[in-house]
Amino acid sequence: MLWWVSRTGSYSSEILRKISSVGVTEEPSLIAEADIRRFARWIAAGEVAAPRSNTNATKSRSEFVSPDRKRPTPLMLAMSGLGLYGRVLSIRAVAERLAYVIGDSLDDFCLSYCLPRIGHQTVWLPVKWVSHLGSTEATLLRSCAMSALYARPYRAAQNPSLKVCSTSVQQETLDAVLGVLRARFSPGPNVEPIDVLSADALVALATGAPVPYCIDSPNQPEIHPFLGLESVGAIRSPRPTGFSKLSASTHRWVAELNIVGCAIPAVPHVAEHLVKLPQNGGTYTTRVSQHALAYTCPSGFVIGDDINANLQNPTIQIFDTFTAVSIIADANGYESQLSDKGIYQRDSLQKLGGSAEAARLFRDNASRAFLTKYLDHTDRPKGAYDEGCVLHGDKRAYLDLVAAKKTMGGNETAAIELLDKLVAAKVLYRGFALGCAVCKHAEWYSLSALADQFRCTRCGREQTIRHEHWKHPAAPQVFYKLDEIIYQFLKSDGDVVALGLDYMTRNSQLPFKYSPEIKFKNAGSQFSGEVDLCAVWDGELIIGEAKKQGELAPTLSEVQKIVKKYVHLANMLNARRVVFCTSSPEWKSSTIEAISTAFRGRNAAPRFLVAADLLGKPSS
Ligand SMILES: [Zn+2]
């Protein structure tokens with residue numbers, strides 16, 4: 001009975017009396033036993049029978065005609081002005097998903113009842129029904145179960161295996177049940193007939209369910225001025241158009257706001273800080289729905305019936321990853337701030353023209369080798385003039401054109417082009433490496449600080465530049481200094497961060513947003529930890545680590561400590577993915593094992609990205 005009710009929206013005589021009183025009549029259609037098959041197909045999979053042609057109709061056929069969803073029913077009449085909206089591809093994908101939830105518990109029923117609402121069709125099969133499948137007697141239940149089993153709509157049947165899930169049935173019983181199903185259901189040779197999935201797996205598959213919206217409202221863009229991240233004044237709340245009059249005391253709806261190019265993760269406490277209503281009820285009135293800001297209309301305290309007086313117009317704050325993460329952290333008692341590395345990341349990526357431009361530079365073998373050479377502080381062999389030089393004053397490497405050409409595989413044109421480009425971006429500075437004739441101190445002097453003289457930074461003697469001040473070649477050679485912030489950025493594996501950010505941007509269906517490295521501190525529990533990556537990737541909050549070497553740390557205990565930190569922070573922030581990026585060919589197996597073990601059974605799933613992902617040529 002529950003099955004029918006959940007599927008058909010069956011109602012009580014009380015409801016029938018009420019809807020009759022407003023002039024909506026009921027048209028009962030009796031289901032004969034011969035019709036069970038068609039009836040089951042309709043309630044299990046929403047399949048609508050083709051209208052029978054009159055010429056073929058015979059008295060022996062029964063009367064049940066499954067109602068067409070497209071034809072108005074009392075419910076649809078009441079909700080006039082609503083339409084289901086979703087991406088074309090996702091609507092198709094939803095049609096391809098069908099699972100059988102087996103079991104007698106309330107959990108099983110609820111799972112099968114709720115899954116279709118988030119994008120996964122289900123058929124609920126009580127265990128008793130399945131056992132009837134095994135009997136040879138032609139009972140009504142057997143017929144029902146058989147019909148339900150074969151009720152898979154055309155698109156779902158494209159996948160030959162039967163998806164089965166149960167939250168309550170014990171393994172032993174389940175094996176018996178699956179045995180019955182296997183015997184009854186044969187999708188063809190060489191196909192495993194049953195595919196057993198966990199409830200979590202089904203929920204993960206259920207994405208992109210079409211959502212009912214007021215007709216045409218999703219297609220109405222509005223242009224509103226913003227100053228910085230804040231809307232200028234309040235935004236007009238959208239209102240349903242399907243009613244002749246809106247009444248503040250009886251009408252309730254949810255307004256959604258989507259800012260172009262901005263996806264918002266559905267984590268607690270974010271929406272209430274982004275939607276500022278005159279009467280803010282916290283997460284009760286504002287939330288993040290499918291990547292949009294959502295709030296209830298009209299306000300919670302309705303006075304009178306006039307909708308205009310009761311309709312709240314919110315001011316909007318544009319989502320920004322750092323601010324949002326700080327809000328979530330704050331709600332959990334953590335302070336957050338950009339770390340030193342975060343500031344290097346922010347300024348470096350800005351200088352390099354954004355994460356995509358930076359990643360292009362690091363993906364290219366020649367320019368990556370050139371920039372990495374600046375981290376090489378080993379003493380150059382005597383007489384080697386194509387390796388750049390390391391000055392002991394500041395312990396930094398300086399490269400000239402010859403060294404640049406060598407690191408870039410001998411391509412002088414490419415080297416000149418890159419040097420020019422990086423000088424223009426103020427990533428490199430031109431200057432001379434000069435040694436003091438008095439105190440022998442060698443130092444790099446910017447071209448902008450030089451004339452014919454230079455003043456030694458150690459002994460302060462002013463000297464006219466002569467050949468004795470440099471070693472090689474005949475004329476003074478221009479040496480390129482790497483900007484100190486970029487140097488710190490590269491030293492702290494910022495290149496891997498840029499490559500990781502770019503990979504996620506390229507592989508994101510929804511707008512991608514990130515924050516430079518954040519440091520979290522909890523004074524109470526003495527916790528302090530940093531995350532290299534913090535971003536909204538495909539509408540999910542992710543955190544992560546970036547390392548040049550494919551290991552988190554040299555010793556296992558240090559690895560455990562880092563992994564523990566990420567588990568802790570992922571929990572605290574409600575992050576759904578923890579991404580570990582390396583520009584090495586692979587992560588060490590001990591690191592992968594430590595991470596996988598620590599995240600088993602948790603909300604956040606670890607994801608490993610390696611050189612093939614980060615350095616591989618983008619497909620588009
Ligand atoms: Zn000197």
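**From one residue to a core and a sheet**

Start at I542 in this predicted model. Set aside its neighbours within four places in sequence, and I542 is still in contact with L533, A535, W537, A575, R576, R577, V578 and V579.

Now widen the view. I542 belongs to the largest nonpolar core, which has 92 residues. Within this core, I542 is one of the residues that touch the most other members. The others are L293, L533, A535, I543, L573 and V578. Which helix gives the most to this core? Helix α20, residues 494-506, does, with 7 residues. Another core lies apart from this one. That second core has 30 residues, including I102, V127, A145 and L181. Nonpolar side chains tend to be buried together in soluble globular proteins.

Next, turn to a sheet. Five strands make up this open sheet, and their order is β22-β25-β26-β27-β28. The pairing is mixed. In general, strands of a sheet pair through backbone hydrogen bonds, either parallel or antiparallel. Which strands stand at the edges? They are β22 (513-515) and β28 (605-609). Each has a single partner strand, so one side of each is left without a neighbour in the sheet. On average, neighbouring strands here are turned by 25 degrees against each other, direction ignored.

Look at one pair more closely. Strand β27 covers residues 577-582 and runs parallel to β28. The two are joined by 5 bridges. In this region, C581 stands opposite L609 of β28. A helix packs on the sheet as well: α22, residues 589-599. Helix α22 touches both β27 and β28. The direction of α22 makes about 160 degrees with that of β28.

Definitions and conventions:
Residues are numbered from 1 along each chain as its sequence is written. This is a predicted model: local features need pLDDT of at least 70, side-chain atom pairs count only at pLDDT 80 or more; totals for chains, interfaces and linings use all residues. A nonpolar core is a set of buried Ala, Val, Leu, Ile, Met, Phe, Trp, Tyr and Cys residues joined through C-beta atoms within 7 Å. A residue is buried if 20 or more other C-beta atoms lie within 10 Å of its own, exposed if 12 or fewer, and partly exposed in between; C-beta atoms are placed from the backbone. Helices (H or I, at least four residues) and strands (E, at least two) are DSSP runs, numbered from the N terminus. Two residues are in contact if their C-beta atoms, placed from the backbone, lie within 7 Å. Two strands pair if DSSP finds at least two bridges between them. Axes are lines fitted to C-alpha atoms, for helices over the stretch in contact, and angles run from 0 to 180 degrees between N-to-C directions.
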